[in-house]
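Reader: I have some labels to query. Please set each value against its definition.

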Amino acid sequence: FYEKALDMQQETLRANHPDLGVTYYNTACVYYKRGESAMALSIFQRVLEIQKKHYPQSDAHLALLYSYM
């Protein structure tokens, strides 16, 4: 479901929109929990790129993301 939502959001939102980052994050968590860590890491890195544009370095969003990486 997250991948379908991601496809829809990519069509309507700009590439670094925070909502897109949330959907990427949720998708990465699914891959992580399924044991597909390489795919999850790739997506988490994309989330990091997006979040760095919207949150200060000391933000809890970034800290949580780094904990998965």
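Reader: How many of the contacts in the chain join residues at least 24 apart?
Author: Among contacts between residues at least 6 apart in sequence, 40% do. Contact means heavy atoms within 4.5 Å. This is a predicted model: local features need pLDDT of at least 70, side-chain atom pairs count only at pLDDT 80 or more, and totals for chains, interfaces and linings use all residues. Residues are numbered from 1 along each chain as its sequence is written, and side-chain values use heavy atoms, with hydrogens and water left out.

Reader: Why does the radius of gyration of the chain agree with a compact globule?
Author: The rule is 2.2 Å times the number of residues to the power 0.38, taken over C-alpha atoms. For 69 residues that is near 11 Å; the chain has 12 Å, so the two agree. The C-alpha trace spans about 30 × 30 × 15 Å along its principal axes.

Reader: What makes up the fold, in helices and strands?
Author: Four helices and zero strands. Helices are DSSP runs of H or I, at least four residues; strands are runs of E, at least two; numbering starts at the N terminus. The order is α-α-α-α.

Reader: Why is Tyr66 called partly exposed?
Author: Buried means under 20% relative accessible area, exposed over 50%, partly exposed in between (1.4 Å probe, protein chains only). Tyr66 has 39%, so it counts as partly exposed. Tyr66 sits in helix H4, residues 60-68. Across the chain, 33% of the 69 residues are buried.
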